[in-house]
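Reader: I would like to go through this model one point at a time. Please keep each answer short and end on the value or name I ask for.

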Amino acid sequence: MSRPATLPVSAVLARSAKRFAGETPIGRKRRARKMARVLAETHPDAHCELDFETPLQLAVATILSAQCTDKKVNEVTPIVFKRYLSAADYAAADRMEMEAILRPTGFFRAKTDSLIKLGQALEERHEGVLPHTLDELVALPGIGRKTANVILGNAFDVPGITVDTHFRRLVNRFGWVHEEDPVKIEFLVAELIEKRDWTMFSHRIIFHGRRVCHAKKPACGACSLATMCPSYGLGPTEAAPAAKLLKGPRARELAIQVGLDPDLVPAAAIATPDVP
Ligand code: SF4
């Protein structure tokens, strides 16, 4: 009898528990680093998908990205950055006007509140300049640990691990952690991956989550990590249905990388994934 193309979650978990049952901490670290190297080859284009030119702009874009796609944020930020040039501009913003500008990103009242308070705090405590330590950043309104790590890694070149929804899902699927708390995940993954790689590694994981290892239906049969992933089988393992799930401008290359026919990738898939 042939194996079903998609295994039930219980079957995947039972099989992975067996296969990785004896994995030692050093074995897990070796596997993690190998998977990280494969991810680097799989997603050479990985980068911060938010458009920005200054640390303040990145802080603003990251705050706006909560519950919103990067694509939508990138449509709105040119208007925001033109209207508000400095922390003082955000501090003195007219609430109604800013709410109208931010409306397309969702939760626009809370986001307006965060940006005005951020501007005020920067003016009061940091002479209008964004600080570049984790402790100072997380003490600012609207900036949590995830946002602070995005800013550190991408605007200040300080290695940071960004645990967003994709990161959390993937490292659990990889069996690197069995944990939902983002801060605990950050510390556990920091033990596995070299510090100098943290920022780019985070981008690669997020790219893989948006393009291959989707929340609902991962493209297991078209995944470069398949042989090292205990969750292989959560999504379709056969070539055609798996290739159909690949997303993004490099979807065809992703298929070729794992030996699949790129023509299996539908034309509609070759667009930047519009996933929060
Ligand atoms: S094998 Fe499947 S579950 Fe594992 S990383 Fe790849 S797509 Fe995700």
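Reader: How many of the 14 residues of H12 are buried?
Author: This is a predicted model. H12 has 14 residues and reaches 20 Å from its first C-alpha to its last, close to the 20 Å expected at 1.5 Å a residue. The helix is mostly covered, and the number of its residues that are buried is 13.

Reader: Which helix gives the most residues to the largest nonpolar core?
Author: The largest nonpolar core holds 38 residues, and those touching the most other members include Val212, Ala222 and Ala243. Helices H2 (25-42), H10 (165-173), H12 (198-211), H13 (239-243) and H14 (251-257) each give two or more residues to this core. With five residues, the one that gives the most is H12.

Reader: What does Ala243 touch beyond its neighbours within four places in sequence?
Author: Ala243 is among the members of the largest nonpolar core that touch the most others. Nonpolar side chains in soluble globular proteins tend to be buried together. Leaving aside neighbours within four places in sequence, the contacts of Ala243 are Ala222, Ala255, Leu260, Leu264 and Val265.

Reader: How many residues are in the second core?
Author: This core is separate from the one just described. Ala61, Val80, Ala93 and Ala148 are included in it, and its number of residues is 29.

Reader: What percentage of residues 64-211 is helix?
Author: UniProt lists residues 64-211 as "domain: HhH-GPD", in an unreviewed entry. Over this stretch the end C-alpha atoms are 22 Å apart. Strand accounts for 0% of the stretch, and helix for 64%.

Reader: Why can the four residues that UniProt lists under "binding site" be said to gather at one spot?
Author: The unreviewed UniProt entry lists Cys213, Cys220, Cys223 and Cys229 under that name. They span 17 residues in sequence, so their gathering at one spot rests on the distances between their C-alpha atoms, of which no two are farther apart than 11.1 Å.

Reader: How many residues of the shell around the ligand are charged?
Author: The ligand is surrounded by 14 residues, the closest being Cys213, Pro218, Cys220, Cys223 and Cys229. Of the shell, 11 are nonpolar and two are polar, and the number that are charged is one.

Reader: Is Cys213 buried or exposed?
Author: Cys213 sits in the loop between H12 and H13. Not counting residues up to four places away in sequence, Cys213 touches Leu170, Arg173, His208, Pro218 and Cys223. Because 25 C-beta neighbours lie inside 10 Å, Cys213 counts as buried.

Reader: Which residues is Cys229 in contact with, leaving aside its neighbours within four places in sequence?
Author: Cys229 also lies in the loop between H12 and H13. It has 23 C-beta neighbours inside 10 Å and therefore counts as buried. Setting aside neighbours within four places in sequence, its contacts are Arg173 and Phe174.

Reader: What is the phi of Gln67?
Author: Most residues other than glycine have a negative phi. Gln67 is in the loop between helix H3 (55-64) and helix H4 (70-83), and is exposed, with 11 other C-beta atoms within 10 Å. Although Gln67 is not a glycine, its phi is positive, at about 55°.

Reader: And what is the phi of Asp157?
Author: Asp157 is found in the loop between helix H9 (145-155) and H10. With 10 C-beta neighbours inside 10 Å, Asp157 counts as exposed. Asp157 is not a glycine, yet its phi is positive, at about 60°.

Note on methods: Residues numbered from 1 in each chain as written. Predicted model: local features only at pLDDT ≥ 70, side-chain atom pairs only at ≥ 80, totals over all residues. Near = placed C-beta within 6 Å. Nonpolar A, V, L, I, M, F, W, Y, C, P; charged D, E, K, R; others polar. Core = buried A, V, L, I, M, F, W, Y, C linked by C-beta atoms within 7 Å. Buried ≥ 20, exposed ≤ 12 C-beta atoms within 10 Å, placed from the backbone. Helix = DSSP H or I, 4+ residues; strand = E, 2+ residues; numbered from the N terminus. Contact = placed C-beta atoms within 7 Å. UniProt positions renumbered as here; feature names shortened; annotations may be inferred. Expected span 1.5 Å × (residues − 1).
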